[in-house]
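These exercises each set a task and then work through a solution in steps. Keep the sequence and the structure in view while reading.

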Amino acid sequence: MLNVNEFGAPTAPAVMIVHGLYGSARNWGVIAKRLSDGFRVYTVDLRNHGLSPHTQTHSYPEMAADLAETIEHLGGPVQLVGHSMGGKAAMALALTRPDLVHRLLVADIAPVAYTHSQLPFIHAMKAVNLDAVSRRSDAEAQLAAQGVEPALCSFFTQSLDLGEKRWRLNLATLEAEMDKIMSFPQFDTRFDGPTLFLSGAESDYVQPQHRQTIKSLFTRAQFAKLRGAGHWLHADKPREFETAVRSFFAS
């Protein structure tokens, strides 16, 4: 089963947060703690990330099945937040197991294939000489020397196990399965529950031409943007993101 971190009272309404590519449950700790005043918040590590199992495959049907198993183990339906790759996994869950999703908030991603590549980041992480790393700043310096921007250097090294001198990311599988990660499967089902597509106003991940596809799969889809935020909208505007989550789940 997936690794899960838990926050808040067990009797409060359940919210699950699903991270994006190269992320982990711990990336969402601050937002989860803030939301835990009114919700039972679960943050999970997807397969091949964090402390969850490493596998040889990484597809959205598999990630959806992992989430379904975890939600059933935790006791039932949740309100679901998914960012980027985690948003696609959350959408796949809603389309295959709608009984497990009360409400769905998809953060800055659409159910479409994307053409940009994330492989250079895997190559940069693989190129880090972990034997020369005693603190995260050492790894950040090596990543920066390869042209990785500072914010991403800091983000990537959160998945570094300094004691074991290894990445908590299954870089080999993520590299091999990148085509699946950047795409989205075909579904002949729909999710009729309340759904919010929340995008960064400065991000180009969710385009107007995606709305027809979104509406065909998520019949009650609504759309909103966070001003001044890019793709990492929860990091760019954490308080505004938190407010949007609270408002949608309380409506």
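**Exercise 1.** Find which residues form one aromatic cluster together with Tyr 22.

*Solution.* Step 1: the cluster consists of Tyr 22, Phe 121, Phe 155, Phe 156 and Trp 232. Rings of Phe, Tyr and Trp (its six-membered ring) pair if their centres lie within 6.5 Å; planes under 30 degrees apart count as stacked, over 60 as edge-to-face and the rest as tilted. The model is predicted: local features need pLDDT of at least 70, side-chain atom pairs count only at pLDDT 80 or more, and totals for chains, interfaces and linings use all residues. Residues are numbered from 1 along each chain as its sequence is written, and side-chain values use heavy atoms, with hydrogens and water left out.

Step 2: place Tyr 22 in the loop between strand 2 (14-18) and helix 1. Helices (H or I, at least four residues) and strands (E, at least two) are DSSP runs, numbered from the N terminus. Tyr 22 has a positive phi of about 70°, although it is not a glycine.

Step 3: Tyr 22 has a relative accessible area of 2% and is therefore buried (under 20% relative accessible area; exposed is over 50%, partly exposed in between, with a 1.4 Å probe and protein chains only).

**Exercise 2.** Classify the pair of Phe 248 and Phe 249, and decide whether Phe 248 is buried or exposed.

*Solution.* Step 1: the structure holds 13 aromatic pairs. In the pair of Phe 248 and Phe 249, the centres are 5.6 Å apart and the planes are at 40°, which makes the pair tilted.

Step 2: Phe 248 counts as buried because its relative accessibility is 5%. Phe 249 is also buried, at 7%.

**Exercise 3.** Which residues touch the most other members of the largest nonpolar core?

*Solution.* Step 1: a nonpolar core is a set of buried Ala, Val, Leu, Ile, Met, Phe, Trp, Tyr and Cys residues joined through side-chain atoms within 4.5 Å. The largest one has 64 residues, and Tyr 22, Leu 104 and Phe 218 touch the most other members. Helix 3 gives the most to this core, with 8 residues.

Step 2: list contacts of Phe 218 (heavy atoms within 4.5 Å). Leaving out residues up to four places away in sequence, Phe 218 touches Met 91, Ala 94, Leu 95, Leu 104, Pro 111, Phe 191, Thr 195 and Phe 197.

Step 3: a second, separate core has 22 residues, among them Phe 39, Val 81, Leu 198 and Ala 244.

**Exercise 4.** Trace helix 6 from its buried residues to the largest pocket.

*Solution.* Step 1: in helix 6, Leu 152, Cys 153, Phe 155, Phe 156 and Thr 157 are buried. These buried residues pack against helix 4 (119-127), helix 5 (136-145), strand 6 (160-161) and strand 7 (166-167).

Step 2: the largest pocket has a volume of about 440 Å³. Of its 18 lining residues, Phe 155, Trp 232, His 234, Ala 235 and Asp 236 are the closest to its centre. On a 1 Å grid over the protein atoms alone, a pocket is an open set of points where a 1.4 Å probe fits, with protein on both sides within 12 Å along at least five of seven lines; lining residues have an atom within 4 Å of a point. Grid points are joined across faces, edges and corners, and a volume is the space filled by probe spheres set on the points.

Step 3: helix 1 (29-35), helix 6 (150-157) and helix 10 (233-236) each supply at least two lining residues.

Technical notes. Contact means heavy atoms within 4.5 Å.
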